Structures are given as structure tokens and as C-alpha cells.
Amino acid sequence: MTKPNGALLALAACALLGCGSNTDAEDAGTGAKYGAGGDGSGAVASGGVSAQPGSGGAAGAPAAGAGASSSGGKSASGGGNTSAGSGGSAAGGTGSGGTSSSGQGGAVTIEHPPLDCGPVGYAAEDAGPPSNRVNYVIVGDGYTATTVETTLKQHIEVMLKRRFEHESGQPYARYRKFVNICVLKAVSDNDGIGNGPTAFDGGNGGDRLAKVNEKKVSAFLDANLPDTLEPDWRAVVLNQDKWENTGAHLMLWSGGNADAAGAALHEGGHGFHQLADEYGGDGSDTKEWSEVNTTADATKTAGKWDLWLDVVQKGLNVPDLGATGKQSVFEGSRYKDDGQYRPSDNSMMNSLFCRPSACGNSKADLATSFNAVSREQIVFSIWRAVKPIDAAIPPAGAVVNPAKLQVAVIDPAVIDVDWSIDGAVVAAKAGGTFDVTAQSLSAGVHEISATAYDNASEDLVRYRKGECQASVQGDYCHATGWKNSTQTVKWSVTVP
Ligand SMILES: [Zn+2]
């Protein structure tokens, strides 16, 4: 097994700094922060709702703040297309979404204003309203007023390309609409690390570790991020080509290195997903650590990945290729050759190098993917920060004789919606719009509910229920993350 020389030391820093949990779980409520609410929407209300396909319908009377729009229909381009903030009474003040009348089924997503990354930032990924997204904030160090527009953007592009276009970046492509990425163009006096003072004093932190002045980074983020954006995941990209990276709460990677894109994925594995390094080193260690991808239990994995043993995970981009191969217990992990075990022979958290050239779809390259255990943990840690439903339209609660009900979800390709009447599912995987009129309900009050949930297969997520293992408590507990991936809203519908 080739030792990832640089990465070895990179995670030593992670261990020193504790790799603490930084998942700022947000309470995303049921549409309360979005435009769909008649009340309670308030200052954060934004955007409308886009429904497609489905029969087009006029957007209904939005009050100030937000409207719903309905585009689509089998052939219609029509439907209302009410932009945010239009219409409504001045006295209303709060975002009150209109409703549209598209037919049953179809994908419903919330419309939102362009992601605000602050006065010196730009949105590398505008996935959705930041109150219900993972917000990944990257700031550059060692880029001048000129090179923040050139070199910095190139370094970000390289990182994004591997993150979304290559198998080894999965499952980020599947969850692309769940993660906003803001890049902040901090300006340094000198171009490149090591050529004189820079905005955050980036440089060598010992061996192959990078370091910055974290107080300066924090102060810069505080001064330049809008109040609407609370960062969940923080990184500094350094303008240098050295192999110096650090995986900690504030992750650092060198943007100009040939393996920079892999380094950003690897360090993010530490920084946001709390994954351990999966390579060994001299000595023995029989402690059961909290990270889910290393264990001292070669038989049961201390409950961390026993459901994955002997599984060959399919590729997500390339299903017929097996990514990191059969999942098992391979001795050598978390800096020790003896006593610690990892889930796959190679992986992104072991030797991340994507060589010899362009990171193609060869099996050799796939060996550097996140393994099944890490991928599952990535999914869970994303779900800790978000909930499936961006808005319920109309808001959950009592409704009189609605023609239809809607839920806007983060990504209809990832999230399915089941609709129930009085406790019985009447439309499974039926999309975001439910045609109430078509149900011909009897007069009286009926409870209609929409349950939205991640449609991940068993090939991606296996730990779906149960108690936390003693070995994986707190933020590492599988069940803690996955429980957020299902959300139900209910309406009490009066039919005259
Ligand atoms: Zn590492």
C-alpha cells in the first residue's frame, strides 16, 4: 500500500486540533422561513415556488415578499411566473406565497433570490436558500486584486470539476443541490504564499501541513458574510503549488498543486464529515475511536460498518464499476499499522492521488473514491444540516377546500413524496403537487399529509434506523443524521 506521504501528516493536524464536530444543524422548519407562509415568513421570505411539469396555472395572489409560480404543463410554457417580492399589499409585509394550480405530480422546487455571498464573494454553487442548505464557504489567501479574478477562480474550478464530474467526488454530485458554495475574494498584497505578507498569513505549519491565522480568517468571514448565510463548512485555499494541506474545522488546501482537487475532497472528509485517515503507520492502537471509518473491532466493526461487510458498492456515476471494491476490514488505519482497521483497500481517505493523468474513469482511479462507509457518512452529515422540504404550500394546518396542496423539496430527483389521506397512502412517489379536487373527498374534515424522503438505495445508505452504537455516539451516530432525511407535513382539509 502506497503511503500518502503528504496526507499522513495532514491528518496528524486534524487529530491535534480535534477534528471537532462542526455540523451546525439548522432547524429548517416546515416552510416557515420561506415564501409560502401566510404568516411567519417575515424577513427571510424569499422566492416563489416553481412547479413543473403539471398543468400550468396562474399564480395566486401573492402578498409582499414572495410568490409562487407555476411553469410547465405538458406543453404549456405558461403558468404564472411571479417573481419574488411583487404584488401584495404593503401592509402585508410578510412573504405569503401564492398558490398555483398545476396538476398532480411533477417536481416542485422553491424559487429563491440569487445566493448572496457578500460584497467580496461569489456563488460557485447556488443550490438554494441558505437557511436550508449546507453552506460551504471558501476564502482565498495569497491572491491579489488581479489573481482573485483569475488564479483563484481556476483553483476553484479544478476543485469543482472533480467534486461533481468524477466518480471519486461522489456522492457530492447526487447531493449537489444540497450544498451552497461561496468563494470570498480576499485580496492579498502579494501573489502566492511565501512571497511576502498575505491576507491570512498562510504558510507552512510544520512538515506538510498548511497553516493560516485563523483569527484573521474568522474576522474576515464575520465582516464579509451576509447575515443570511451561516457557514457550516469553512475552508481556505492557498495560492501555492506545494503539497501542504490541513484537515480540521477550518480546512486548508493548496490550490495550485497537481492533486489539489483530491486534497480538497480529502480534507473536507475531515473538516465537515469527521472522517478519519485510513492509512497506517508505525505502532499499534486498539482504541475504538469515534470516527465511523476506523475500528479496532475486526469482527463486528463496533457496529460502524458491519452492514457493509462483503458489499461491492456500485459506482454512482459509473454503476458497473465497483468504486473502492469489496468493503471489509483491512488492517492499517488512523496512523497505525496494527490494531486499527479501515473499510476498503484504498479510498479517498487513504491514498487520494488521482493519477497518472486526468482522473479518468479507470478502476485505478475509482479506488480513490470515498468508500461506502465514508459516502454514507457524507450523506448523513449533509442531512444533519438540512431537511427535505423547503416550503409547504399552503402552510401546514387548517385549509378550506384547496384545489391542490404542494411541497417544494430541495431536489425532486433525490427526494420522493408520498401523499396520504386520513392515514392511508393514496399516492406514493407522486411528486410535489397533490390534486385535492381529483380525490372527490366527502364533505367534512380530512387529514392530508405529504411525507418527503431521500430515495437513496441500499447501495448508498444502509444504516437507516436503530439506536446509536456505543462506538458511534452523538454526531457520529448513523441514525441521528438519517432521521432528518424524512419530513412530514399535514393539512387539516375542510371539504364543504
Ligand atoms: Zn487526512
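This report describes the overall make-up of a predicted protein model, one residue within it, and one of its sheets.

## Overall make-up

The protein chain contains 7 helices and 20 strands. Of its 496 residues, 56% are buried. Among the contacts in the chain with a separation of 6 or more, 69% join residues that are 24 or more positions apart.

## The setting of Tyr-136

Tyr-136 lies in strand β5, which covers residues 134-141. This residue counts as buried because it has 21 C-beta neighbours inside 10 Å, where the cut-off for a buried residue is 20 or more.

When residues up to four places away in sequence are left aside, Tyr-136 touches Val-179, Asn-180 and Ile-181, as well as Asp-232 and Trp-233. Arg-234 stands 98 residues from Tyr-136 along the chain, yet the C-alpha atoms of these two residues are separated by 6.0 Å.

## A sheet of five strands

Strands of a sheet pair through backbone hydrogen bonds, in either a parallel or an antiparallel manner. One open sheet in this model consists of 5 strands in the order β14-β20-β19-β16-β17, and its pairing is mixed. Its edges are formed by β14 (397-400) and β17 (424-427), each of which pairs on one side only. On average, neighbouring strands of this sheet are turned by 35° against each other, with direction ignored.

Within this order, β20 and β19 are adjacent. Strand β19 spans residues 444-454 and strand β20 spans residues 486-495; the two pair in the antiparallel sense over 10 bridges. His-446, for example, has Val-493 in β20 as its bridge partner.

Key. Residues numbered from 1 in each chain as written. Predicted model: local features only at pLDDT ≥ 70, side-chain atom pairs only at ≥ 80, totals over all residues. Helix = DSSP H or I, 4+ residues; strand = E, 2+ residues; numbered from the N terminus. Buried ≥ 20, exposed ≤ 12 C-beta atoms within 10 Å, placed from the backbone. Contact = placed C-beta atoms within 7 Å. Pairing = 2+ DSSP bridges. Axes fitted to C-alpha atoms, helices over the stretch in contact; angles between N-to-C directions.
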